[in-house]
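Trainee: I should like to learn how to read the features of a structure. May we go through one together?

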Amino acid sequence: MNKSKTIAAIDVGTTKVFSLIAEVFNDESQPKTPRIIATSIAPCNGLKRGNVEDIKLTSAAIKQTLQDLESRTDKKITSAYVGITGSHVSYENKRSPLKDVGSYGVITPDELKTNTTTAKSDNGRILLHAMPISYTLDGADGIRNPIGMHSDAVSVDTHVITADREFLDKLTEACKGAGINVDAFVMEPFASALSTLTEQEREQGSIIIDIGGGTTDIIAFKDDRVIYTAVVPVGGFQFTNDIAYTYDSTYESAEKAKMDHGHTELTAIEISENISLNSNEECQIIEVPAREIGRLLRERSIELAQMVQLKLEDLRIDNSSSMRVVVTGGGSKLPGISHLFQRYLGRRVRLGKPSITWHNESEKLTDPSQSTALGILIWAYSNLQDRPEINDKNKYADKDGRFLQKLLSNKTFRLSPWIRPTAQQINNQN
Ligand SMILES: Nc1ncnc2c1ncn2[C@@H]1O[C@H](COP(=O)(O)OP(=O)(O)OP(=O)(O)O)[C@@H](O)[C@H]1O
Ligand SMILES: [Mg+2]
C-alpha cells in the first residue's frame, strides 16, 4: 500500500518560478510533517507586475522546474498548489448575516462551516479566500469564537480576497500547458506570512511586506486573523531599472551592480568605490561611483516605503501603529532596506526568513525569496491535515464542485480554524 502522498507547491513569481515537492507519510512510524524532497528554480519572463502576460513563457518556466523535480525524485507531478498575486487581486471586509445558526440551541462548528462559503465568485471575480475575522451576536461585535453561544441574530465579518477571472484563467492555462492541474490558488503574501510570522506576531498584530520582483504585497494580521491585504505595483524590477535607465546600461549589469554593491545607507558605501556597468552601446563599460547607485536605490526605497505607508493608512484599527512589520521576498535582501522602512513607516521592522525544518540539512531553505513557496506548502499540508478524507470529494464538495474548507476539525494544531499553522507550530509537531 502506498503510505505517502506528495504535495507540489509552485511560486510563479515575476522573476522566477520556484517549485518544490514534499512527501507526507500516512504511516505512524514516519515523521508526521512533510519532508521536502526536492526544489527547483527557473527564471521566468512571462509575468509583469505579478500578472501573467505571456502564457507560453510562464508555462515553459513551470514545466522546466517540474521536469527537473520529476527527474530528480522519480515522482510524477500531476497537480500543484499555486501562488497568485498581482494588481488584479483585491479584497474587502464584508459583514453578512448567517442563516439557520443556533438551531440546536447553541452555535455549532458545522453551522459556521457551511456558512463560511456564503462569499461567492461573481462579476468576473473569482473567490480566492474567505476568512472570517469576527462575529456579531445580537448586536455585540468582535466575538472571535461564537461556538457554544446562544444568539438569535448572528453575522460574520469576513476578509474576502478575489482575483480577476481573466488573469486567473491565464495562470491556470499556463499550469495546464506545463501538464498539471491546480489543486488550489494561494494568495502569495498570505503564504509568505505563514512561513515567516510567529504565532505571537499573528496574534498581537503584524504586517508582512513581501518585496518581490514585480510587486510589493502587503498583508496584515491581528488576533490571528487576516484583516488587510494590498498590492503595490512596484518591486525589485523598478530598483534595477532605475540604474539601467540612468546610465543607459544593460538590465543584467544593473541587476548585478544592485545585488553585489547595493545599499540604501550611503555612509555604508566607500566613497572611493566604483562600479562597472555594461553600456547599451556595444562593448562600452561605464564606471559609476557606488554611492550614486546607492542614492538611486535609496530614493526608490523611500518612495516604496511611502507607497506602503499610504496603503497602511487604510488600516483603520485600534493601535495599528504598534503593529510590527516583517519584510520578506527577494527585494528585502537589499542591505539597509529594513532599517529604512523602520524609519519611514515609524514601526519596528524585522527581516522575514522562512523558518521551516522540513528539509535536509544540506539544503537550508531560509532565503526570503523562498518564503512564498514554503508558505504555499504549509497551506497545502494543513489542507491535507484538515481533510484526511481528501479523496472523498462528494462528502465535502459544494455546488460548484469545490471543497469546503473544513473547520474546527484540526485538533493537532489547535488553531483559529481559518488561519493555517505557523512554521514553528508545525516544526514542533515531530
Ligand atoms: N541581495 C539583493 N539585493 C537587492 N535586491 C535583491 C537581492 N536579492 C534579490 N533581489 C531582488 O529581489 C527580486 C526578486 O524577488 P522574489 O524572488 O521575491 O520575486 P518574485 O517572487 O519573482 O516576484 P513577485 O513576487 O513580485 O511576483 C528581484 O528584483 C531581485 O533583484
Ligand atoms: Mg514573489
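Mentor: Let us start with secondary structure. The chain of this predicted model comprises 11 helices and 18 strands.

Trainee: What share of the 430 residues in the chain is buried?

Mentor: Buried residues account for 45% of the 430 residues. As for contacts between residues at least 6 apart in sequence, 68% of them join residues at least 24 apart.

Trainee: How does one decide whether a single residue, such as threonine 158, counts as buried or exposed?

Mentor: One counts the C-beta atoms around the residue: 20 or more others within 10 Å make it buried, and 12 or fewer make it exposed. Threonine 158 has 24 C-beta neighbours inside 10 Å, so it counts as buried. This threonine belongs to strand 10, residues 154-164. The C-alpha atoms of threonine 158 and valine 226 are separated by 9.2 Å, although the two residues are 68 apart along the chain.

Trainee: Why is strand 14 described as largely enclosed by the rest of the structure?

Mentor: The same kind of count is applied residue by residue. Strand 14 covers residues 225-232, and 7 of its 8 residues are buried, so the strand is largely enclosed by the rest of the structure.

Trainee: How do strand 13 and strand 14 run, and how many bridges join them?

Mentor: In general, the side chains of a regular strand alternate between the two faces of the sheet. Here, strand 13 (residues 216-222) and strand 14 run antiparallel and are joined by 7 bridges. In one of these pairings, aspartate 217 has valine 231 of strand 14 as its bridge partner. The hairpin has 2 residues between the strands, and aspartate 223 in this hairpin takes a positive phi near 50°.

Trainee: Which phi value does arginine 49 have, and where does cysteine 283 lie?

Mentor: Arginine 49 is not a glycine, yet its phi is positive, about 45°. It is placed in the loop between strand 4 (47-48) and strand 5 (51-52). Arginine 49 counts as buried because it has 21 C-beta neighbours inside 10 Å. Cysteine 283, in the loop between strand 15 (274-278) and strand 16 (285-289), also has a positive phi, near 60°. With 6 C-beta neighbours inside 10 Å, cysteine 283 counts as exposed.

Trainee: How many residues surround ligand 1, and which are the closest?

Mentor: Ligand 1 is surrounded by 24 residues, the closest being Gly13, Thr14, Gly212, Gly236 and Gly330. Helix 6 (236-247) and helix 7 (251-261) are the elements that give two or more residues to this shell. By type, the shell holds 17 polar, 4 charged and 3 nonpolar residues.

How values were computed:
Residues numbered from 1 in each chain as written. Chains lettered and ligands numbered in written order. Predicted model: local features only at pLDDT ≥ 70, side-chain atom pairs only at ≥ 80, totals over all residues. Helix = DSSP H or I, 4+ residues; strand = E, 2+ residues; numbered from the N terminus. Pairing = 2+ DSSP bridges. Near = placed C-beta within 6 Å. Nonpolar A, V, L, I, M, F, W, Y, C, P; charged D, E, K, R; others polar. Contact = placed C-beta atoms within 7 Å.
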